[in-house]
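Trainee: Got a minute to go through this one with me? I'd like to start with how residues get sorted into classes.

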Amino acid sequence: MSRSDAPDWWRSAVVYQVYPRSFADSDGDGIGDLRGVIDHLDHLEDLGVDVLWLSPVYASPQADNGYDISDYQAIDPTFGTLADVDELVAEAHRRGIRLVMDMVVNHTSDQHPWFVESSSGPDNPKRDWYWWRPPRPGITLGEPGAEPTNWRSFFSGPTWTPDPPSGEYYLHLFSPCQPDLNWENPHVRQAIYAMMRWWVDRGIDGFRMDVVNLLSKDPALPDGEVAPGELYGDGFPFFGHGPRIHEYLHEMRAEVLAGRDAPFVIIGETPGVTVEQAQLYTDPSRGELDMVFQFEHMGLDHGPGGKWDVQPLEVRALKETFQRWQEGLSDSGWNSLYWCNHDQPRPVSRFGDDGAYWRESATALATVLQLQRGTPFIYQGEEIAMRNHTFTSAADFTDIESVNHYRMAIARGESPAVVLDALRRMSRDNARTPFAWDAGPAVGFSDGVPWMAINTDQDAININSQRGVKGSVYEHYRSLIALRHAEPTVVHGDFTMLFPEHPAVFAYLRSHEGTTLLVAANLSGDPHTVELADTPGALPGWNEAEVVVTNQLGDDLVTSDAQWLARDQLALQPWEVVVLRRRHTEGRRVPTTVG
Ligand code: TEU
């Protein structure tokens, strides 16, 4: 597969995310590993993706499944060796696939030698490599309210942990096992840059930077606002997009890529980012990030109580969000496009219908996302529409965020049944069940006992039952990726949202140099018909358009929709998606073959 070596090669790329713990186990210990990834690179090649994003494989006590790194330049033996990573780089490159490593530099593990030194005492030269502060004046260390700020951790509870020997607290926006590095300290930054250069020189092609917009904190460490009924305050205004964040990101890119001209991509995970901030982060002239992960659409089913207060998704709200990001980053900057990752539940269960319309809803969701302007990210298992897992009890959960939430919610007196139901729907563990290669007892993931229970619907949902099957979710993903590679309009086209107020139809145009694509999906279980003729920019006469993508099996589409199209109407079955293409020059339509 040829790949572009343009500096912005990532604009036409499709990325596949591997969560190594759950992808493929080569040594039978029940935990996925690097050899398992190498052995299954053919799957990525067959799918047609251009980039492999590998979640962390560095040495780690695995308190947060590797997002707590204890040695950046060593591989956790659970996953393999440095030689395995070098082989993965070589084997991926041999197939024209680039490798993006996950990089977690907002915090380290509390087992990292830097923190071990820093926590050895106030006089240690590395004390200021982390955030240490005395208790709040007048309150004894360890007493409720003694924490230097009232901030709530992403994993529930306070963001400060007391250290009795020194009488001080240390900061951790995530778990106590993940102390935050103090980026104010130039020695910290230089040590991080040297380590990142070391990885660049091993031939990788990019970094996915974990929570990279949290590196700069307001040194005054003000308290956050406490919502009614909450114990802790929202510190995000004081550690999200902090005062020196652009300075750090610019310096990091300059220092890490200095003298290295190989095309390299830096992707930033930026929770809470707005369109305006993303324009600053991803404006190429500013030399910071190439693209960001924004979370707005990931919060549309969150109620006032947050992610565990699950609300139905409003398609209108979904369109409003995507339209704003498409338009907001149309001039400078660049979007990443994703429905899920290792932190989000399975989209077909969350946003689709994983029962009666499992195949249709999975393919409709994939199409409306992937044909937008930006770089698509596919998370392992999404290409076969793996569903959420059927958790039976709180004991089934392994994810630190879920386990902490359950413990604290019950301590607050919430009903176990209600909390368990929210976990079933939103837990990150839904994305972490072993990848279903086949319908076998361990879904072809391992010859041992998988570290996490497999999904029980493996008979129907596995790669082997979908590869090469016309109309399957897997083949639909292949066709979307092939279309992005073959049709420049998908990469470069303008974006025009259609029917923004329609409660179920998600439709838009992509136009580029005389070609227009109409992408139209019905994201509901009821049929819907829309009028094309009087839609701004919809250009009449779609009945001569070419059908380039459909999730309707057999030739139902060509007959039924052609009739409707004749009248510039589009009748969409439940969860139906169709993509039509027209070529036109000087406003004159160039007839193309249909289907
Ligand atoms: O996630 C940061 C982040 O935004 C998530 O914690 C998110 O808020 C949450 O999962 C939604 O429920 C990154 C990594 O992707 C995640 O796996 C790590 O746990 C976290 O950072 C800390 O490194």
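Mentor: Sure, here's the sorting: Ala, Val, Leu, Ile, Met, Phe, Trp, Tyr, Cys and Pro count as nonpolar, Asp, Glu, Lys and Arg as charged, and the others, Gly among them, as polar. Keep in mind that this is a predicted model.

Trainee: OK, so what does the lining of the second largest pocket have by class?

Mentor: That lining has 10 nonpolar, 6 polar and 7 charged residues.

Trainee: Which residues lie nearest the centre of that pocket?

Mentor: L313, S349, R350, F351 and G352, out of 23 lining residues. Two elements give two or more residues to the lining: α10 (347-350) and α13 (416-426).

Trainee: And which element gives the largest share?

Mentor: α13, with 3 residues.

Trainee: What's the volume of the second largest pocket?

Mentor: About 390 Å³.

Trainee: Switching to the ligand. Which residues come nearest?

Mentor: There are 19 residues around the ligand, and D64, D210, K307, H342 and D343 come nearest.

Trainee: What are the classes in that shell?

Mentor: The shell has 7 nonpolar, 3 polar and 9 charged residues.

Trainee: How far is the side chain of D64 from a ligand oxygen?

Mentor: An N or O atom in the D64 side chain is 2.5 Å from an oxygen atom of the ligand. K307 also has a polar side-chain atom 2.5 Å from a ligand oxygen. For R428, a side-chain N or O atom is 3.0 Å from an oxygen atom of the ligand.

Trainee: How much of the ligand's accessible area does the protein cover?

Mentor: 94% of the 490 Å² that the ligand has on its own.

Technical notes:
Residues are numbered from 1 along each chain as its sequence is written. This is a predicted model: local features need pLDDT of at least 70, side-chain atom pairs count only at pLDDT 80 or more; totals for chains, interfaces and linings use all residues. Side-chain values use heavy atoms; hydrogens and water are left out. A residue is near a molecule or strand if one of its heavy atoms lies within 4 Å of it. A polar contact is a pair of N or O atoms within 3.5 Å; within protein, one must be able to donate a hydrogen and the other to accept it, and residues adjacent in sequence count only if both atoms are side-chain atoms. Accessible areas come from the Shrake-Rupley method with a 1.4 Å probe; for residues, only the protein chains shown count as cover. On a 1 Å grid over the protein atoms alone, a cavity is a set of points where a 1.4 Å probe fits but cannot get out, and a pocket is an open set with protein on both sides within 12 Å along at least five of seven lines; lining residues have an atom within 4 Å of a point. Grid points are joined across faces, edges and corners, and a volume is the space filled by probe spheres set on the points. Helices (H or I, at least four residues) and strands (E, at least two) are DSSP runs, numbered from the N terminus.
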